[in-house]
2 protein chains.
Amino acid sequence: MATESAAYRKLLKRTREIALVSAASDLLSWDLDTYMPPKALAFRAEQFAHLGGHTHKLFTSRKVGDLLSACEQNGLAADSAEAVNVREWRRLYQRATRLPARFVEKFQRTRTHAREAWKEARQRSQFKVFKPHLQKVVELNRQRAEYWGYSESPYDALLEEHEPGMRTAQVRSLFAELRPAIGEVLGKAVERSAAVPPDLIEGNYPVAAQQALNRKVAEAMGFDFAAGRIDTTTHPFCTTLGPGDCRLTTRYNERNFTQSLYGIMHEAGHGLYEQGLPAEHFGSPLCMAASLGIHESQSRLWENHVGRHPRFWEHWHPIACEHFPELKRLTPTQLAAAVNRVTPSFIRVEADQVTYDLHIILRFEVEVKLMEKQLAAGDVPAYWNENFQNMLGLKVERDADGCLQDIHWSLGELGYFPTYTLGNLNAAQFMERVLQDQPGLEGELSRGEYGNLLKWLRERVHRHGLRYHSQDLMQKATGEPTSGKHHLDYLRKKFLQ
Amino acid sequence: MATESAAYRKLLKRTREIALVSAASDLLSWDLDTYMPPKALAFRAEQFAHLGGHTHKLFTSRKVGDLLSACEQNGLAADSAEAVNVREWRRLYQRATRLPARFVEKFQRTRTHAREAWKEARQRSQFKVFKPHLQKVVELNRQRAEYWGYSESPYDALLEEHEPGMRTAQVRSLFAELRPAIGEVLGKAVERSAAVPPDLIEGNYPVAAQQALNRKVAEAMGFDFAAGRIDTTTHPFCTTLGPGDCRLTTRYNERNFTQSLYGIMHEAGHGLYEQGLPAEHFGSPLCMAASLGIHESQSRLWENHVGRHPRFWEHWHPIACEHFPELKRLTPTQLAAAVNRVTPSFIRVEADQVTYDLHIILRFEVEVKLMEKQLAAGDVPAYWNENFQNMLGLKVERDADGCLQDIHWSLGELGYFPTYTLGNLNAAQFMERVLQDQPGLEGELSRGEYGNLLKWLRERVHRHGLRYHSQDLMQKATGEPTSGKHHLDYLRKKFLQ
């Protein structure tokens, strides 16, 4: 047992070192999106490549493999922290050692340049500016899939990165159930929404006042601002730069304050998960999220099940009026109707709860086809626009409103989008269960009291880190693996009854 | 010659690697001062210690010593880039290898905690909160001096860090000339200033308007905002995070806009030096400043010789009035008189040009005594307050206005303060020379035209990097080493004639 402990301690030391350097790289990335001056880009790219290569080498060294073997051979007490960390490190080590250090550095460099190109392409709505970068990203992802290996589709290898254990075929099957069922809800929901004027909320909402309200809401949710902050970026995100340092971002529309508000509720949902992970294990799997589909369930739950709950504005309307006096012209019921208006639109992050998953299904199809060589990067706009019109009935006129709207591909991320819809499914499933467990919750939500909800999530989800993979976690927390049923029930109840 | 080139290329590769990691650490430091949430501190300290230790190991490895020896043995073309870099790397290598890696990590950790303690101590004006940290900082600096070695005073070893080639005795001698001479100017300058009301400029100056004006002035000076930015901190600074990434900070007083303005002119003066260093050598001595006394000469020149020039406001008054309409009540002459008002005050960074160096002489004395064990950390406030009153005639009531006002000691920096006065002397010396070279410059300054001045500085100072040590650079640029004469002439001419 002495050998075992020594090997495990050495692993902890090495992975802590990696976490220290990775977190510095994460700050470089946050800074690139928030405050970095443009001429700093080339050197920043060199930094990402170097630090990424350095941590990759540290983790993929033979020494780490030997230490893992030493731990495994000695046997580990079932369910102990050591057992969980060693199991997950082994899985991550296997994936990481299949990628050569040079490939990782090249991938990092490509990402950095692709991100800047995407910003420009989106601003000018010119796909051609981004096209060569997307091509490179797809090629490198195909290479990654080959390095990692897969049984059916190269897309499986990417999905595994974000949703361990899930396969493309399973996602296809879940999405095949959702697509027609959502179609059924959509038509009627749109009809009902016709009574709500699309510009009901429009007005003048100064950024400073939006920031003040958003902060109040995030605080009420339980987000700890002594261990986090909010900045402004083109594309909202949540990133953790170390224990006690979780950073959210959003963007502001001065005509409609609810865009930044729901953006912050979404990102703060992610942030609460991050702040609820056991900080003493920072750098180890026990302080990592179970999967992106679980992570996204937390943001969706707070954004939609809390923030778009029909009674959300009963508590928040008078507070919002303090920041925006012109809101007094509306009632809480009108506000709730406005933020739950269902209508097909171009931008995913502004989509309503009914159409949202259709946006994801399109992206999933594009990504799978790109990876399976059924679609070339240059054909993405045409494919996108045709299928978008088929599914949502709208003609895309500008690529900035179409295939250029999201940052993900410029970050080198394929296999990420489906986790958003998995998040919707998981969120509905958690919410159904917590409402069963806590019959008083509906009342609490209407009074802006979120403590018991957060406690339940901390207990069932946050504190476990990567102890359980997503489907095991869902089973333990809700009694069954991810299903489409609860989300569809929720949509039907909310939008048809 | 083949061996020489290979060794030099390997040195370039290694030092570039160090620069990539150091610059990440510099961003962590900038972030700590600007945006980091408080609960992130412990992990941030661990990051500094780790990254500092890592780069220290990279630079102090035997391999670097061997590569330097290989370059030296092969001989280097006089004045070549290789010759300069190898000479300076050797000097830095000798100093760095004398500090054990463990000591460097300990020093980094101490700095991080000392900085936070200082922030709190200053805010509450409680020296006891900072005292144990100052004690540690002094002890560690004594240890550094022992590791580095010195002939006369342990303070020599610290001074060498910031002002290569200078000795404590030389500084003592320059300061011994200044002290009585400044005393002579002071009495009469204060008398003349009595005609200028101390609150002449006081008014309401919104932060956003100050930021807009400061930016215009920095742009007119030639600061490139595509390669830099301005943020807000308690103590203003300038830091370079890579080629094309120079960041300034300032603080705002809503009652008096000139504090942030002159703060920015000062930091932008540093920034112009940094932006004028040859970026292609980033990470090598050719892209490093000659010394802090040279660096400071640039900030002082722009802040005082340009910004406090009697004719500065002829150009900037109408522009300032666009941002602050209430300034129309004053004339350019009144503004110039107000920002050149001489009166003893507590805060160094708010001191006028006559009293400023007295603040420095006091700090220099305290530091030398701390290092030479003639003063204990706990006795600093008493010593400070007594000598401050002797020199400036004011009684210090709050340590926040006395020995707690500056960030430097909390950063572990001793031996830094005298470089501010060296900067004043060098600035006056440069300015006297450039006015001889360019007779039209006075007129240009009154019209807000700074291109020719910047060109002269780029040519004589910036582009050389660390090719020449400060006294050689002064000799080449002005015809003599640093002297007190030009600064005293300037003060007498400006404040007595």
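Start by selecting A:Asp33, which is buried, with a relative accessible area of 16%. Here buried means under 20% relative accessible area, exposed means over 50%, and partly exposed lies in between (1.4 Å probe, protein chains only). This is a predicted model, in which local features need pLDDT of at least 70 and side-chain atom pairs count only at pLDDT 80 or more, while totals for chains, interfaces and linings use all residues. Residues are numbered from 1 along each chain as its sequence is written, chains are lettered from A and ligands numbered from 1 in the order in which they are written, and side-chain values use heavy atoms, with hydrogens and water left out.

**Stop 1: helix 1 of chain A**

A:Asp33 sits in helix 1 of chain A; helices (H or I, at least four residues) and strands (E, at least two) are DSSP runs, numbered from the N terminus. Add A:His133 to your selection: A:Asp33 and A:His133 are 100 residues apart in sequence, and their C-alpha atoms are 18 Å apart in space.

Now move along helix 1 to A:Arg9. With a relative accessible area of 55%, A:Arg9 is exposed. Which residues form a positive surface patch with A:Arg9? Select A:Lys10, A:Lys13, A:Lys63 and B:Lys57 to complete the patch. Helix 1 (residues 2–34) of chain A gives the patch its largest share, three residues.

A few words on how the patch is drawn: patches are made of residues with over 30% relative accessible area and no salt bridge, with like charges joined within 9 Å and nonpolar side chains (Val, Leu, Ile, Met, Phe, Trp, Tyr) within 5 Å. Lys and Arg count as positive and Asp and Glu as negative, while His and the chain ends are not counted. The place of a charge is taken as NZ of Lys, CZ of Arg, CG of Asp or CD of Glu. Accessible areas come from the Shrake-Rupley method with a 1.4 Å probe, and for residues only the protein chains shown count as cover.

**Stop 2: aromatic rings**

Over all chains, the structure holds 49 aromatic pairs. Rings of Phe, Tyr and Trp (its six-membered ring) pair if their centres lie within 6.5 Å; planes under 30 degrees apart count as stacked, over 60 as edge-to-face and the rest as tilted. Show A:Tyr8 and A:Trp89 as sticks: the ring centres are 6.0 Å apart and the planes stand at 45°, so this pair is tilted. It links distant parts of the chain, with A:Tyr8 in helix 1 and A:Trp89 in helix 4 (residues 81–97) of chain A, 81 residues apart. Are these two residues buried or exposed? A:Tyr8 is buried at 9% relative accessible area, and A:Trp89 is buried at 2%.

Next, pick A:Tyr155 and A:Phe364, an edge-to-face pair with 5.5 Å between centres and 75° between planes. This pair also links distant parts of the chain: A:Tyr155 is in helix 7 (residues 154–162) and A:Phe364 in helix 14 (residues 356–371) of chain A, 209 residues apart. A:Tyr155 counts as buried at 0% relative accessibility, and A:Phe364 is buried at 4%.

For a wider view, select A:Tyr205, A:Phe257, A:Tyr262, A:Phe312, A:Trp313, A:Trp316 and A:Phe324, which ring pairs link into a cluster.

**Stop 3: salt bridges**

There are 70 salt bridges over all chains, each a side-chain nitrogen of Lys or Arg within 4 Å of a carboxyl oxygen of Asp or Glu. Try A:Glu296 and A:Arg300, whose closest N and O atoms are 2.8 Å apart. Because they are four residues apart in helix 11 (residues 292–306) of chain A, about one helical turn separates A:Glu296 and A:Arg300. A:Glu296 is buried at 3% relative accessibility, as is A:Arg300 at 4%.

Then compare A:Asp489 and A:Lys485, bridged at 2.9 Å between the closest N and O atoms. Both lie in helix 20 (residues 485–496) of chain A. A:Asp489 is partly exposed at 30%, and A:Lys485 is partly exposed at 46%.

To see a network of salt bridges, select A:Arg87, A:Glu88, A:Arg91, A:Glu160 and A:Arg167.

**Stop 4: two positive phi angles**

Most residues other than glycine have a negative phi. A:Asp79, in the loop between helix 3 (62–74) and helix 4 of chain A, has a positive phi near 65°. In chain B, go to B:Lys373 in the loop between helix 14 (356–371) and helix 15 (380–392), where phi is about 60°. A:Asp79 is exposed at 61% relative accessibility, and B:Lys373 is exposed at 62%.
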